[in-house]
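Me: Please give me a close look at one part of this structure, with the pieces around it. I am in my first year, so explain each term once when it comes up.

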Amino acid sequence: MCGITGWVSFRDDARPRRSTLDAMTATLARRGPDAGGAWLDAHAALGHRRLAVLDIAGGRQPMTDRRDDPEVVLDCGLDSTVVTALLADELRLRESPDARIRSYAVDYTDRARSFTADVLRTGHDTPFAAEAGRFIGTDHDTVVLDPLALLDLDHRRAVVACRDSPIGVGDMDTSLYLLFGEIRRHSTVALSGEAADEVFGGYPWFHDPAALAADTFPWLRVTGDEAAMPLHPDLSRTLRIGEFRADTYRAALAAVPHADHEDAGEHRLRELRHLSLTRWLRQLLHRKDRLSMAQGLEVRVPYCDHRLVEYAYNAPWSLHTFDGREKSLLRAAAGDTLAPPSVLRRAKNHYPATHHPDYNRGLQDLAREALDARGGEIRGIADETAIKACLDAPADRLPWGHRLRLERVVDLALWLDEYNPRVTL
């Protein structure tokens, strides 16, 4: 069961409202393209859609837990490499020594020659992913995207609609959506290395004294406010965003448990791990689920197994960094059998983004159009002065954080066009 919807009401009889239930269920068709059904009683209505992962004889709902062999989203990192190696070993044990899984990575036509390092990325991923595929013995495929295809408004509308939000990460959302579409041509299930950085302490903020000392969510030291779409000053004052962030942060810290015999430094690292698992990871899993299921692909995350999360969370921080690096436990577990030396040694890099000046230039054009759309409605929401600096910047020198501001202006315009809400400021 890959999509479920419905309602419970003790005031109304649900049975005459089958058309409403059918309309609600139809919105889940991409999550479950293979079958669906509905059930109504006096006070409850339930609809579902099904993605046929393995079509067992007579395999209608409820589904069993049998599954076919999944593909793997293999980037250049230790996380997905370990998952890929373990899955490949398991497949060979179950089927034959010659059995091979299919692995995927994403790249852009310009990236090899025009890669530009930024706060989240230090190098080109594709050679490392290909080496990992050879080391493990997968049928590896690099999905190479044209950066200009990421400007296609049909793709961007699809992403905004499936996320049901204008607040995404622009080209990285669109490219992931297209990558999932390519994988879906071959399989209905894939695995990814999502959550390993939260579980094993891979993010820069776990190792940055400034982040440890900051009285706010640690990732803001990396992404910062510059990566957000700046709000119009009047709206920002009305919404009291800074106050909301501070209140949310304090509430998040209050939920962190205290361990026995833990000093202040150890507890601070526990706070950062708890925040990463309960706040940061939430939006990554939300993004992954919506973008993959919009393509009819189910992507699973082995590192979210609660037994692994509980074990790693309660391991002393000294174990997580015993070799003087990030993710020491995972690296030690991989040894020299699950990942090639180049991947074991490589520092963390985030999901790839295009650096093509023509993409930046096209994005600037789309953002200008977005500001004028719907009678200039966005000008009352966004800080046009801050955005103008991003629009006027040379396309080949547009910082990633400033570019993300433009991505969100464009996506906000698409979201407003999709849902046509009445905006009262």
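Reply: Strands β1 (residues 3-8) and β3 (residues 44-50) run antiparallel to one another and are paired over six bridges. Two strands count as a pair if DSSP finds at least two bridges between them. The names come from DSSP runs, numbered from the N terminus: helices are H or I runs of at least four residues, and strands are E runs of at least two.

The model is predicted, so local features need pLDDT of at least 70 and side-chain atom pairs count only at pLDDT 80 or more, while totals for chains, interfaces and linings use all residues. Residues are numbered from 1 along each chain as its sequence is written, and side-chain values use heavy atoms, with hydrogens and water left out.

Back to the strands. Val 8 of β1 has Ala 44 of β3 opposite it. The side chains of β1 alternate: Gly 3, Thr 5 and Trp 7 point to one face and are buried, whereas Ile 4, Gly 6 and Val 8 point to the other face and are not buried. Here buried means under 20% relative accessible area, exposed means over 50%, and partly exposed is in between, using a 1.4 Å probe and protein chains only. In a regular strand, side chains do alternate between the two faces of the sheet. Strand β2 (residues 35-40) also pairs with β3 in the antiparallel sense, over six bridges. Within this pairing, Gly 37 has His 48 of β3 as its bridge partner, and a hairpin of three residues joins β2 to β3.

The part to look at closely is helix α5 (153-163). At its start, a side-chain oxygen of Asp 152 comes within 2.8 Å of the backbone nitrogen of Asp 154. This is a polar contact, that is, a pair of N or O atoms within 3.5 Å; within protein, one must be able to donate a hydrogen and the other to accept it, and residues adjacent in sequence count only if both atoms are side-chain atoms. Arg 156, Val 159, Val 160, Cys 162 and Arg 163 are buried in α5. An α-helix has 3.6 residues a turn, so residues three or four places apart point the same way. The buried residues of α5 pack against α6, α11, α16 (357-376) and α18.

Just after α5 comes Asp 164, with a positive phi of about 55°. Most residues other than glycine have a negative phi. Asp 164 lies in the loop between α5 and α6 (171-184) and is partly exposed, with a relative accessible area of 41%.

Asp 173, in helix α6, is buried at a relative accessible area of 1%. Leaving aside neighbours within four places in sequence, Asp 173 is in contact with Val 159, Arg 163, Gly 168, Arg 287 and Leu 291; contact means heavy atoms within 4.5 Å.

Helix α11 (residues 264-293) also holds Ser 276, which is buried with a relative accessible area of 0%. Apart from neighbours within four places in sequence, Ser 276 has contacts with Glu 198, Trp 205, Phe 206, Trp 219 and Leu 281.

In α18 there is Gly 401, buried with a relative accessible area of 4%. Gly 401 and Val 222 are 179 residues apart in sequence, yet 9.9 Å apart in space from C-alpha to C-alpha.

Last, the second largest pocket. On a 1 Å grid over the protein atoms alone, a pocket is an open set of points with protein on both sides within 12 Å along at least five of seven lines, and lining residues have an atom within 4 Å of a point. This pocket holds about 450 Å³ of space. Grid points are joined across faces, edges and corners, and the volume is the space filled by probe spheres set on the points. Of its 17 lining residues, Thr 27, Arg 30, Ala 161, Cys 162 and Arg 290 are the closest to the centre. Helices α5, α11 and α18 (400-419) each supply at least two residues of the lining. The lining has 10 nonpolar, one polar and six charged residues. Ala, Val, Leu, Ile, Met, Phe, Trp, Tyr, Cys and Pro count as nonpolar, Asp, Glu, Lys and Arg as charged, and the others, Gly among them, as polar.

Technical notes:
1 Å grid on protein atoms, 1.4 Å probe; cavity = no way out; pocket = protein on both sides within 12 Å on 5 of 7 lines; lining within 4 Å.
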